[in-house]
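Biologist: I should be grateful for a close look at one part of this model, chosen by you and then followed outward into its surroundings. Please take the account step by step, so that I can trace each element on the display.

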Amino acid sequence: NTKAGISFHVGNEERTDFYLDSETQQLILDRELTGKVVASLYGTKRYIPYKKKEISIRLFIDTSSVEVFVNQGESVFTSRLFPTNTEFGIELFSKNGTSEFKLTSWSIKK
């Protein structure tokens with residue numbers, strides 16, 4: 001099962017993951033380890049079908065929300081997040097395969 005993606009709000013055993021699962025051909029936003037669970041009635045993972053091998057994402061993260069724009073808005077994920085940590089670590093990952101990433105990051109300061 002090959003998965004490749006990005007983890008954010010990483011720290012103190014918490015994280016939020018967004019990844020492509022090439023076996024199930026899905027994009028997944030996983031909030032299972034994000035911190036305070038909200039709207040658990042609807043589950044902690046959001047899925048959409050995705051059959052392409054490449055993906056372009058724009059990820060907007062703040063202290064209580066995330067927005068993911070896939071391929072210039074072809075698909076969009078929006079979710080509220082309530083991490084209990086104040087960490088804003090980011091990690092790229094690839095499991096059971098190899099992946100190529102290109103990352104550009106911007107920070108907005110108050």
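**A hairpin and its surroundings**

Modeller: In this predicted model, β6 and β7 form a hairpin with 4 residues between them. Within that turn, asparagine 71 has a positive phi of about 50°. The strand on one arm, β6, covers residues 65-70, and the strand on the other, β7, covers residues 75-80. The two arms pair in the antiparallel sense over 6 bridges. Two of the facing positions may be located by residue: phenylalanine 69 stands opposite valine 76 in β7, and serine 65 has arginine 80 of β7 as its bridge partner.

The other neighbour of β6 is β5. The strand β5 runs over residues 57-61 and forms a hairpin with β6, with 3 residues between them. Here 5 bridges join β5 to β6, and the two strands run antiparallel. One such contact links phenylalanine 60 to its bridge partner in β6, glutamate 67.

Together these elements make an open sheet of 3 strands in the order β5-β6-β7, with antiparallel pairing. Because β5 and β7 stand at the edges with a single partner strand each, one side of each is left without a neighbour in the sheet. The twist of this sheet averages 10° from one strand to the next. As a general point, strands of a sheet pair through backbone hydrogen bonds, either parallel or antiparallel.

The strand β6 also contributes to the interior. The largest nonpolar core has 13 residues, and those with the most contacts inside it are Phe18, Leu27, Leu29, Val66, Val68, Val70 and Phe77. Two or more residues of this core come from each of β1 (3-11), β2 (14-21), β3 and β6. The greatest contribution to the core is that of β6, with 3 residues. In soluble globular proteins, nonpolar side chains tend to be buried together.

The core leads to a second sheet. An open sheet of 5 strands follows the order β4-β3-β2-β1-β8, again with antiparallel pairing. Its edge strands are β4 (45-49) and β8 (89-95), each of which pairs on one side only. Neighbouring strands of this sheet are turned by 15° against each other on average, direction ignored. At one end of the order, strand β3 (residues 26-30) is joined to β4 by 5 bridges, and the two run antiparallel. Aspartate 30 has lysine 45 in β4 as its bridge partner.

Both of these residues return in the description of a pocket. The second largest pocket holds about 150 Å³ of space. Asp30 and Lys45 belong to its lining, together with Lys3, Ser7, Arg15, Asp17, Tyr19, Glu91, Phe93 and Lys95. The elements that give two or more residues to this lining are β1, β2 and β8. By class, the lining comprises 2 nonpolar, 1 polar and 7 charged residues.

The largest pocket brings the account back to β5. This pocket has a volume of about 1,600 Å³. It is lined by 43 residues, of which Ile6, Ile57, Leu59, Leu103 and Thr104 are the closest to its centre. Each of β1, β2, β5 and β8 supplies at least two residues of the lining, and β1 gives the most, with 6 residues. By class, there are 19 nonpolar, 13 polar and 11 charged residues in this lining.

Enclosed space may be considered last. Rolling a probe the size of a water molecule over the atoms shows where empty space is left. The structure holds 1 cavity of 30 Å³ or more, and the volume of the largest cavity is about 60 Å³. Arg80, noted above as the partner of serine 65, is one of the residues that line this cavity. The remainder of the lining consists of Arg31, Thr34, Lys36, Val37, Val38, Thr44, Leu81 and Phe82. By class, the lining has 4 nonpolar, 2 polar and 3 charged residues.

One position outside the strands completes the view. Threonine 2 lies in the segment before β1, and it counts as partly exposed because its relative accessibility is 25%. The C-alpha atoms of threonine 2 and tyrosine 42 are separated by 25 Å, and the two residues are 40 residues apart along the chain.

Conventions. Residues numbered from 1 in each chain as written. Predicted model: local features only at pLDDT ≥ 70, side-chain atom pairs only at ≥ 80, totals over all residues. Heavy atoms only, no water. 1 Å grid on protein atoms, 1.4 Å probe; cavity = no way out; pocket = protein on both sides within 12 Å on 5 of 7 lines; lining within 4 Å. Points joined across faces, edges and corners; volume = space filled by probe spheres on them. Nonpolar A, V, L, I, M, F, W, Y, C, P; charged D, E, K, R; others polar. Pairing = 2+ DSSP bridges. Axes fitted to C-alpha atoms, helices over the stretch in contact; angles between N-to-C directions. Core = buried A, V, L, I, M, F, W, Y, C linked by side-chain atoms within 4.5 Å. Buried < 20%, exposed > 50% of the residue type's maximum accessible area, 1.4 Å probe, protein only.
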